[in-house]
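Me: Please take one part of this model and look at it closely. Choose a piece of the chain, say what it borders, and then place it in the rest of the structure.

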Amino acid sequence: MTTPVLELRNVNKSFGPIDVLHDISLKVHAGEVLCLLGDNGAGKSTLIKTLAGVHKQTSGQILMDGEELMFERPKDAADRGISTVHQFGGTFPLMSIGRSFFVGVEPVIKWGPFSFFDRKTANETAVKAVREFGITRIDDGDRLIGGLSGGERQALAIARAVHFGARVLILDEPTAALGVKEAAHVLRIVFEARKRGLAIIFITHQVMHAMTVGDHFAVLIRGALAADFRKGEKTREEITDLMAGGEAMAELESEIESYAQSDSETSSAAQ
Amino acid sequence: MTSQSSATESSRSLPALGRMIRRPEMGSFVGMLAVFLFFWVAAGGLFVSSAGFSSWLNIAAEIGIVALPIGLLMIAGELDLSIGAIIPASSLTLATISGYFGMPEAVGILAALGMGLLVGFINGWLVLRTGLPSLIVTIGMMFVVMGLTLGFSVMLTGSTSATIEPSELSQMLLGQFVGGMFQVTIFWWLGAIVVFFYILHVSRIGNWIFALGGDRIAARNAGIPTEKLTISLFMMSSFAAAFVGISQAMVYQSAQVAGGQAFIFNSIMCVVIGGVLLTGGFGSVVGVVFGTITFAMVNQGIYFTDFDPNLGSIIIGALLLLAVIMNDSFRKMALNYTTKKNS
Ligand SMILES: Nc1ncnc2c1ncn2[C@@H]1O[C@H](COP(=O)(O)OP(=O)(O)O)[C@@H](O)[C@H]1O
Ligand SMILES: [Mg+2]
């Protein structure tokens, strides 16, 4: 098998006396979507922050292309092509699409000692990049980020990461705040990024979304890897149960089913 | 698919109006126009005579030179109240060195500007090191500079004021009244407008300032030298304040320990009336210029009317509140207008 783009070997992370991650070993390959599942507080955000250089692991190794990495700051991870897109997409709601797309790497036109922010190039590049991901509604680079829908913002952030050569794309609950249609849009964009050969870590606690795009699944429970399996190896119910940490969910579901049944009985009786 | 292409059509054919409404200076332009018309009607022809224009332009120029860098600072999410102490400190530095001690003017001017840059550097450095809000840090700095100014002045000259007789060149460049009524400071202000417009809207540094005010951590992660930028912005505002101090010393040919405090709130008001968001991340140089003109017109226009001059303060207060409310709704419009039309 090929070398994984990103690999974690026995990674532990504690904040002082609090152990948050225990002995996590994971691999992500190019063109593959790894779904990271887990309840609130399971340690998903801590795990990806460690990958993004925000936290340093307490012990264990992070390898990229088989080579060990040590990140001192988020910039180091970004320079290696590890790009994180947060739940709400862009972080600069009051900046235009073109300007925020190029924050820190602005295109300029030089004229003697002066340099001019090249707004035209910035806008055109940003709009083109996001349109390539199928978001044709965005056609004006002067629009403000805050005026875009949640899905459009995610799309823009993903398009930006891809444009700047990201090899690993970390998506932290990209669909959590979105409606059904918008979420479908984002999932399509995840597919598109995968097709381009990126390694994607997709964090969610919506099992349906995970099953739609995932090639490979990892379930975190209280900081430990509770399961690691590939597409088709488990059913939706099994995954839901795993996330809930056992039988609780199955019980709840059967309860809900019986409610639903009695509900439909009463409504058909009313008719 | 059809809905997508029609959405594209509609946003293409959006009138120029939509574009204009999105501009951060739109609200301040409307406010400026309203104030101008109000005083034109209330005060009559005198307000639009050259005497009328010069009275508010002179005020606008002095505040404007400080308001511009304060605007940039506020867009970057910071405040600087120490300018209120830097202005008299700079005047007095110049008047003491070149007036009282009779040293060359260039020495006094360089010392005053250097003092300004140093205070700005310390402001920025303290804000970064302590992580305290710049409001607190610069209030502290204001008192420190005030105390030092008084202390040094009494120690060196035995007085709380000093006089200076500007040379012909300084008189022409800094203290002259063009046409007998327009302070030459107006031209320095125009120059400053060009410089700050370039920084904020033309150069890439402007993008860094907006990003810094939008999200400091994300800006740093994007590779922006946020610390250098923060310190530079504080140095710009204190440098501008020192410049105004020098120009005041040249105009009035004297300097006092007190004075300058009015600049603190006035400059912030110009900036806010000019559409800069109090929380940072949004604003424009043109807006700040409109805000400054509006402020100066109210400040001076009231004397051209029969109204009680105290009414001026009430108008300014009302304008400020109105500006904040308007800025908010303009910002909402700016954020929403396309999506609203599309969906
Ligand atoms: N900086 C920190 N210091 C101490 N504890 C933390 C810190 N960050 C996260 N934790 C703890 O680690 C656990 C996992 O949190 P998190 O990674 O945010 O979970 P998730 O994203 O899966 O909801 C939580 O119990 C949280 O309180
Ligand atoms: Mg989380």
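Reply:
**One helix and its surroundings**

Just after helix 1 of chain A comes Gly53(A), which has a positive phi near 85°. The model is a predicted one, and helix 1 of chain A, residues 44–51, is the part chosen here.

How many residues of helix 1 of chain A are buried? The count is 6 of 8, which makes this helix mostly covered. The buried residues are Lys44(A), Thr46(A), Leu47(A), Ile48(A), Thr50(A) and Leu51(A). They count as buried because the term stands for a relative accessible area under 20%. In chain A overall, 48% of the 271 residues are buried.

Next, the empty space beside the helix. The structure contains 3 cavities of 30 Å³ or more, and the largest cavity holds about 40 Å³ of space. Leu47(A), Ile48(A) and Leu51(A) are among the residues that line this cavity, and these three residues also appear among the buried residues of helix 1. With 3 residues, helix 1 of chain A gives the most to the lining of the largest cavity.

What else lines the largest cavity? Leu8(A), Leu26(A), Val28(A), Leu34(A), Leu36(A) and Ile201(A) are also in its lining. Strand 2 (18–28) and strand 3 (32–38) of chain A, like helix 1, each supply at least two residues of that lining.

Helix 1 of chain A also takes part in an open space. The largest pocket has a volume of about 1200 Å³, and 40 residues line it. Those that lie nearest its centre are Ser83(A), Thr84(A), Arg160(A), Asn221(B) and Ala222(B), so the names come from both chain A and chain B. Helix 1 of chain A is one of the elements that each supply at least two residues of the pocket lining. From chain A, helix 2 (74–79), strand 6 (82–85), helix 3 (97–101) and helix 5 (150–163) do likewise. From chain B, helix 11 (216–221) does so too. Helix 1 thus contributes to the lining of the largest cavity and to that of the largest pocket.

**The chain around the helix**

Helix 1 is one of 9 helices in chain A, which also has 12 strands. The C-alpha atoms of chain A fill a box of roughly 80 × 55 × 40 Å along the principal axes. Among contacts in chain A with a separation of 6 or more, 65% join residues 24 or more positions apart. The accessible surface of chain A is about 12800 Å², and carbon and sulfur atoms account for 52% of that area. Chain A has 30 positive and 36 negative charges, and the mean positions of the two sets lie 9 Å apart.

**Positive phi elsewhere**

Gly53(A), the residue after helix 1, has a positive phi. In most residues other than glycine, phi is negative. Which positive phi values fall in residues other than glycine? One is that of Glu173(A), near 45°. Glu173(A) sits in the loop between strand 9 (168–172) and helix 6 (180–195) of chain A. Its relative accessible area is 10%, so Glu173(A) is buried.

Another is that of Gln253(B), with a phi of about 60°. This residue is in the loop that runs between helix 12 (226–252) and strand 4 (254–256) of chain B. Gln253(B) is partly exposed because its relative accessibility is 33%.

**A few places in chain B**

Chain B supplies helix 11 to the pocket lining, and some other points in that chain can be placed as well. Ala162(B) belongs to strand 1, residues 161–163. Its relative accessible area is 7%, so Ala162(B) is buried. Leaving aside residues up to four places away in sequence, Ala162(B) touches Leu92(B), Ala95(B), Thr96(B), Ser254(B) and Ala255(B). Ser284(B) is 122 residues from Ala162(B) in sequence, and their C-alpha atoms are 38 Å apart.

Val195(B) is in helix 9 of chain B, residues 185–202. With 46% relative accessibility, Val195(B) is partly exposed. Its C-alpha atom is separated by 10.0 Å from that of Val285(B), which is 90 residues away along the chain.

Gly114(B) is part of helix 6 of chain B, residues 105–130. Gly114(B) is also partly exposed, at 34% relative accessibility. From C-alpha to C-alpha, Gly114(B) and Glu227(B) are 21 Å apart, and 113 residues separate them in sequence.

Notes:
Residues are numbered from 1 along each chain as its sequence is written. Chains are lettered from A and ligands numbered from 1 in the order in which they are written. This is a predicted model: local features need pLDDT of at least 70, side-chain atom pairs count only at pLDDT 80 or more; totals for chains, interfaces and linings use all residues. Side-chain values use heavy atoms; hydrogens and water are left out. Helices (H or I, at least four residues) and strands (E, at least two) are DSSP runs, numbered from the N terminus. Buried means under 20% relative accessible area, exposed over 50%, partly exposed in between (1.4 Å probe, protein chains only). Contact means heavy atoms within 4.5 Å. Accessible areas come from the Shrake-Rupley method with a 1.4 Å probe; for residues, only the protein chains shown count as cover. Lys and Arg count as positive and Asp and Glu as negative; His and the chain ends are not counted. The place of a charge is taken as NZ of Lys, CZ of Arg, CG of Asp or CD of Glu. On a 1 Å grid over the protein atoms alone, a cavity is a set of points where a 1.4 Å probe fits but cannot get out, and a pocket is an open set with protein on both sides within 12 Å along at least five of seven lines; lining residues have an atom within 4 Å of a point. Grid points are joined across faces, edges and corners, and a volume is the space filled by probe spheres set on the points.
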